[in-house]
Amino acid sequence: MCQRLSCRAAECWSAWQPGSWPSSPSALLRPAGLSPVTGLLAVAGEDGQLECFDLRARTSLACFDAATSAGAAGQELTALRFDDTGLQLAVGTGNGLVAVFDMRSK
């Protein structure tokens with residue numbers, strides 16, 4: 001069984017049922033990354049936003065326009081990857097730019 005995750009509410013929605021997705025299911029799939037050390041979940045947005053969640057506290061910690069910070073305003077985020085320390089996050093944009101964010105800073 002698959003569960004749909006509500007990132008804003010940090011909870012699972014109802015179980016997925018065949019045929020229950022909108023007509024374009026790929027529009028729902030967004031890159032996400034999980035820090036191997038801190039348990040921080042980063043989720044990319046189609047609008048260039050990056051939202052970070054503390055799964056232990058079940059809360060959103062931050063949401064910011066990562067695409068604009070990367071010099072790619074208006075581009076979607078297409079890739080996310082934490083380094084092995086879990087303290088840096090690489091973000092790729094739709095036009096091929098990559099930015100690395102230090103997760104310890106605001």
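**Note on the sheet and the salt bridges**

1. Cys52 stands opposite Ala62 in strand E6. The model is a predicted one, and this pair serves as the way into its sheet. A second facing pair in the same region is Leu50 and Phe64, the latter again in E6.

2. These pairs belong to the contact between strands E5 and E6. Strand E5 covers residues 49-54 and is joined to E6 by 6 bridges, with the two strands running antiparallel. In general, side chains in a regular strand alternate between the two faces of the sheet.

3. E5 and E6 form a hairpin with 4 residues between the strands. Within this hairpin, Arg58 has a positive phi, near 55°.

4. The wider setting is an open sheet of 4 strands, in the order E3-E4-E5-E6, and the pairing is antiparallel. Strand E3 (32-34) and strand E6 (59-65) are the edge strands, each paired on one side only. From one strand to the next, the twist averages 15°.

5. How many salt bridges does the structure hold? There are 4. One of them joins Arg56 to Asp54, at 3.3 Å from N to O. Its two partners differ in exposure: Arg56 counts as exposed because its relative accessibility is 66%, over the 50% cut-off. Asp54 has a relative accessible area of 14%, which is under 20%, so Asp54 counts as buried.

6. Arg30 takes part in a salt bridge with Glu46, where the closest N and O atoms are 3.8 Å apart. This pair links distant parts of the chain: Arg30 is in the loop between strand E2 (11-15) and E3, and Glu46 is in the loop between strand E4 (40-44) and E5, 16 residues apart.

7. Arg30 also forms a salt bridge with Glu76, at 3.1 Å from N to O. Why does this pair tie together parts that are 46 residues apart in sequence? Arg30 lies in the loop between E2 and E3, whereas Glu76 lies in the loop between helix H1 (66-69) and strand E7 (77-82).

8. On exposure, Arg30 has a relative accessibility of 26% and so counts as partly exposed. Glu76, at 31%, is also classed as partly exposed. Both values fall between the 20% limit for buried and the 50% limit for exposed.

9. Unlike a description pair by pair, the shared partners can be read together. Arg30, Glu46 and Glu76 are joined into one network by salt bridges that share partners.

Methods
Residues are numbered from 1 along each chain as its sequence is written. This is a predicted model: local features need pLDDT of at least 70, side-chain atom pairs count only at pLDDT 80 or more; totals for chains, interfaces and linings use all residues. Side-chain values use heavy atoms; hydrogens and water are left out. Two strands pair if DSSP finds at least two bridges between them. Axes are lines fitted to C-alpha atoms, for helices over the stretch in contact, and angles run from 0 to 180 degrees between N-to-C directions. A salt bridge is a side-chain nitrogen of Lys or Arg within 4 Å of a carboxyl oxygen of Asp or Glu. Buried means under 20% relative accessible area, exposed over 50%, partly exposed in between (1.4 Å probe, protein chains only).
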